[in-house]
Amino acid sequence: PMASLTPESILTIIYTSGTTGRPKGVVLTHANMLYEGDCVEEVDVVRTSDVQLLFLPLAHVFAKVLEVSWYSVGYVMAFAESMQTIKENLAETRPSIMCGVPRVFEKFYSAVVDQGMSAEGVRKKLFQEALAMSVKNGEAEEAGRSLSLVDELKWKALKKLVFSKIAAGLGERLGGRMRIMLSGGAPLSKKINWFFRDAGLTIVEGFGMSETSPVTHVNPLLGQRKEGSVGIPVSDTDARIVDIDDPTKEVPVGEEGELVVRGPQIMAGYWNRQDETDKTIINGWLHTGDLATVDEDGYFYIVGRKKDMINASGFKVFPDEVDEVLGSHPKILEAATIGVPDECRTETVKSFVVLQPGQSMTRDEVRDFCKEELAPYKVPFEVEFLDELPRSSVMKVLRRELRDREIEKQKAGGA
């Protein structure tokens, strides 16, 4: 009966995606979700005048908290018919706010790039130059330096000639009145974030997981936003970076370690898996399994999953770092890097690369580009080109599937 319900009563059980192992049932309480609803109101992400188009699977924890925000704030929520009808649904509902995983924004980016690359002559050349300058300008801002006078003039001209048209076309593609977009679930490529920003559209990145109901971090809407960062902890939430081998030790600013969090959004535990709960929540701190850093301003950066870390001859290689570098190449749409078992090196770094439509590259070209940006031990030794990367139902890249394929190849080769 309703009278027996308390804030600690079970509201829902969300199953993890299983990208790194067997899915587990995450027990979330009424208190967990009520807190998340309060957070949405507090940060003023949505307003009563907003219209949101929801196309995430309704069983996904991100979709759950959006539904709670819908109840809390009282805006209009439209539900997409399917992923295949998003274009039509955007035109029909004309949303002002959109929340999604990086893959969604990658698809919009790819559609614009595909259209731009289909142009001919000078128009195609200007489009390519604009994409390259967007990245160059973003990298300069990130490093705290200015563009050269020549590049500054060039960038100003390209924004007027190319990005003004991209902004108009992309804005219309998104329904014509998009105010803000939120991305979570996985790191969003800086290249894509800068592209949307230069097209006049704001993407706010945050961090969370099923075990945290899900939000723990978000970039401030009204304060400083840092591309590539998941932002700062939301209210009443503590976060710190601890040593991978000794979680009782907090690492210095800028040093990589495991992200641990505590707060009112932490799950009650895993359904019928007390052993896993005890491994994950230690002294009130939830160990996320995500490797991260924090800067001097308190902004957190996700480096990768602890289970995905590659051991290359004793050196630690974080796949997301390699993928970010690969994704910054103008010919590359996306990439996924894994560690392949190797008798000599323990693991060999291998990258799976998806190229932009109409582009071509060789293994050596990919490796040479990485050599300019990465330490030698992080450069992919093997490169394989794919038409698309394997993904889960919530569009997360399945590195485990890629790794399993490689192990099967090795077994077949040694048979």
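**Note on a surface patch, a helix and two sheet regions**

1. Ile10, Ile13, Tyr15 and Trp271 make up a nonpolar surface patch, and together they offer about 400 Å² of accessible area. Patch members have over 30% relative accessible area and no salt bridge; nonpolar side chains (Val, Leu, Ile, Met, Phe, Trp, Tyr) are joined within 5 Å, like charges within 9 Å. A salt bridge is a side-chain nitrogen of Lys or Arg within 4 Å of a carboxyl oxygen of Asp or Glu. Accessible areas come from the Shrake-Rupley method with a 1.4 Å probe; for residues, only the protein chains shown count as cover.

2. Keep in mind that this is a predicted model: local features need pLDDT of at least 70, side-chain atom pairs count only at pLDDT 80 or more, and totals for chains, interfaces and linings use all residues. Residues are numbered from 1 along each chain as its sequence is written, and side-chain values use heavy atoms, with hydrogens and water left out.

3. Tyrosine 15 belongs to strand 1 (residues 10–15). Helices (H or I, at least four residues) and strands (E, at least two) are DSSP runs, numbered from the N terminus. Tyrosine 15 counts as exposed because its relative accessibility is 51%. The cut-offs: buried is under 20% relative accessible area, exposed over 50%, partly exposed in between (1.4 Å probe, protein chains only).

4. Strand 1 sits in an open sheet of three strands, ordered 1-2-12 with antiparallel pairing. Strand 1 and strand 12 (269–270) are at the edges with a single partner strand each, so one side of each has no neighbour in the sheet. Strand 1 and strand 2 (residues 25–29) run antiparallel, joined by five bridges. Pairing requires at least two DSSP bridges between two strands. Isoleucine 10 lies opposite threonine 29 of strand 2.

5. Which residues of helix 3 (residues 86–93) are buried? They are Ile86, Asn89, Leu90 and Thr93. They lie on the same side of helix 3 because they cover an arc of only 105 degrees around the axis. That arc is taken from the directions from the helix axis to the C-beta atoms. Exposed Lys87, Ala91 and Glu92 are on the face turned away from the buried side of helix 3.

6. Just after helix 3, arginine 94 has a positive phi of about 45 degrees.

7. In strand 11 (residues 257–262), five of the six residues are buried. Strand 11 pairs antiparallel with strand 10 (residues 238–242) over five bridges. Here valine 242 stands opposite glutamate 258. Strand 11 also runs antiparallel to strand 14 (residues 285–294), with four bridges. Valine 260 has histidine 287 as its bridge partner in strand 14.
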